Amino acid sequence: MEINCGCKEVIISMKRYVALLRGINISGKNKISMSELKNCFIAHGYSDVLTHLNSGNVIYSCDEKEEIVLSNDIKSMINEQFKLDIPVFVILQNKLEKLLRKAPAWWGTDDKEMYDNLIFVMPPSTAEVIAEKVGDPTKDLERISIFENAIFWSFDRNKYSKANWWKKTASAGIGEMLTIRTANTLKKIVAM
């Protein structure tokens, strides 16, 4: 967007971001209504705010900033407004779209027997550290593929409770370092 302020042209670089809040509205814990969350984002100066589902997916626009700075700003905003200490992962919407294009061929297909997720690793941790802590995926039940600081993960819907990654990604010491979204949710988010 260009603004003519009379003396010179100023170019404001607005970018579209996705904020993924970890662990809200699960089993009655950490409740935040999406309309209140949207209003909180707007009140803090973010624009074109949309939410998707009740699990803390917020798409918004703002001046270009580092993703970690935005994560910290939103985390503080949520703590102040809702009195919750919620980890927040922020990614540029077009970066998320590019990430989804790098998915392995087995991920995000129409195979109804498989459940496809993308694990976003919260800085300063790394995907490699998570993979090392969790261990190998269970043979014939699940698959993983690391790309940059995300992990594409698929598992058999009918045998998920036997899958190593299913058990360990929510465990203490690991679950706090990541947030997970389904392939379908992410495909909808990049289209918003």
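Two strands pair if DSSP finds at least two bridges between them; strands (E, at least two residues) and helices (H or I, at least four) are DSSP runs, numbered from the N terminus. The model shown is predicted: local features need pLDDT of at least 70, side-chain atom pairs count only at pLDDT 80 or more, and totals for chains, interfaces and linings use all residues. Residues are numbered from 1 along each chain as its sequence is written, and side-chain values use heavy atoms, leaving out hydrogens and water.

**View A. The hairpin of strand 8 and strand 9.** Here strand 8 (142-147) meets strand 9 (residues 150-156) in antiparallel pairing over 6 bridges. The turn of this hairpin has 2 residues between the strands, and Glu148 within it shows a positive phi of about 55°. Two pairs are worth picking out: Ile146 faces Ile151 of strand 9, and Arg143 faces Ser154 of strand 9.

**View B. The open sheet with strand order 8-9-7-10.** Stepping back from the hairpin, you can follow 4 strands with antiparallel pairing. Strand 8 and strand 10 (178-182) each have a single partner strand, so one side of each is left without a neighbour in the sheet. On average, and with direction ignored, neighbouring strands here are turned by 20° against each other; axes are lines fitted to C-alpha atoms (for helices, over the stretch in contact), and angles between N-to-C directions run from 0 to 180 degrees. Helix 3 packs on this sheet and touches strand 7 (114-121), strand 8 and strand 9, its direction making about 135° with that of strand 7. Contact, here and below, means heavy atoms within 4.5 Å.

**View C. The open sheet with strand order 4-5-3-6.** This is a sheet of 4 strands, again with antiparallel pairing. Its edges are strand 4 (47-52) and strand 6, each of which pairs on one side only. Neighbouring strands are turned by 25° against each other on average, direction ignored. Two helices lie across strand 3, strand 5 and strand 6: helix 2 runs at about 140° to strand 6, and helix 3 (residues 93-101) runs at about 85° to strand 6.

**View D. Strand 6 and its bridge to strand 3.** The two strands pair in the antiparallel sense over 5 bridges. Ala19 stands opposite Val90 of strand 6, while Tyr17 has Leu92 as its bridge partner there. How many residues of strand 6 are buried? The count is 5 of 5, where buried means under 20% relative accessible area, exposed over 50% and partly exposed in between (1.4 Å probe, protein chains only). Val88, Val90 and Leu92 point one way from strand 6, and Phe89 and Ile91 point the other way. In a regular strand, side chains alternate between the two faces of the sheet.

**View E. The largest nonpolar core, with 24 residues.** A nonpolar core is a set of buried Ala, Val, Leu, Ile, Met, Phe, Trp, Tyr and Cys residues joined through side-chain atoms within 4.5 Å. Phe41, Tyr60, Ile74 and Ile78 have the most contacts inside this one. Two or more residues each come from strand 3 (14-21), helix 1 (34-43), strand 5 (57-63), helix 2 (67-82) and strand 6 (88-92). Helix 2 gives the largest share, 5 residues. Apart from this core lies another, of 19 residues, including Val18, Ile91, Leu99 and Ala150. Beyond its neighbours within four places in sequence, Ile74 is in contact with Ala19, Phe41, Tyr46, Tyr60, Val88 and Val90. Val69 also belongs to helix 2 but is partly exposed, with a relative accessible area of 35%. The C-alpha atoms of Val69 and Val90 are 9.0 Å apart, with their positions 21 residues apart in sequence.

**View F. An aromatic cluster around Tyr115 and five other rings, and the loop at Thr138.** Tyr115, Trp153, Phe155, Tyr160, Trp165 and Trp166 form one aromatic cluster. A search of the whole structure finds 11 aromatic pairs, counted when rings of Phe, Tyr and Trp (its six-membered ring) have centres within 6.5 Å. Thr138 sits in the loop between helix 4 (127-134) and strand 8. Which residues does Thr138 touch, not counting those up to four places away in sequence? They are Lys162, Ala163 and Asn164. The C-alpha atoms of Thr138 and Ala163 are separated by 5.5 Å, although these residues are 25 apart along the chain.

Notes:
Phe/Tyr/Trp six-rings, centres within 6.5 Å; stacked < 30°, edge-to-face > 60°.
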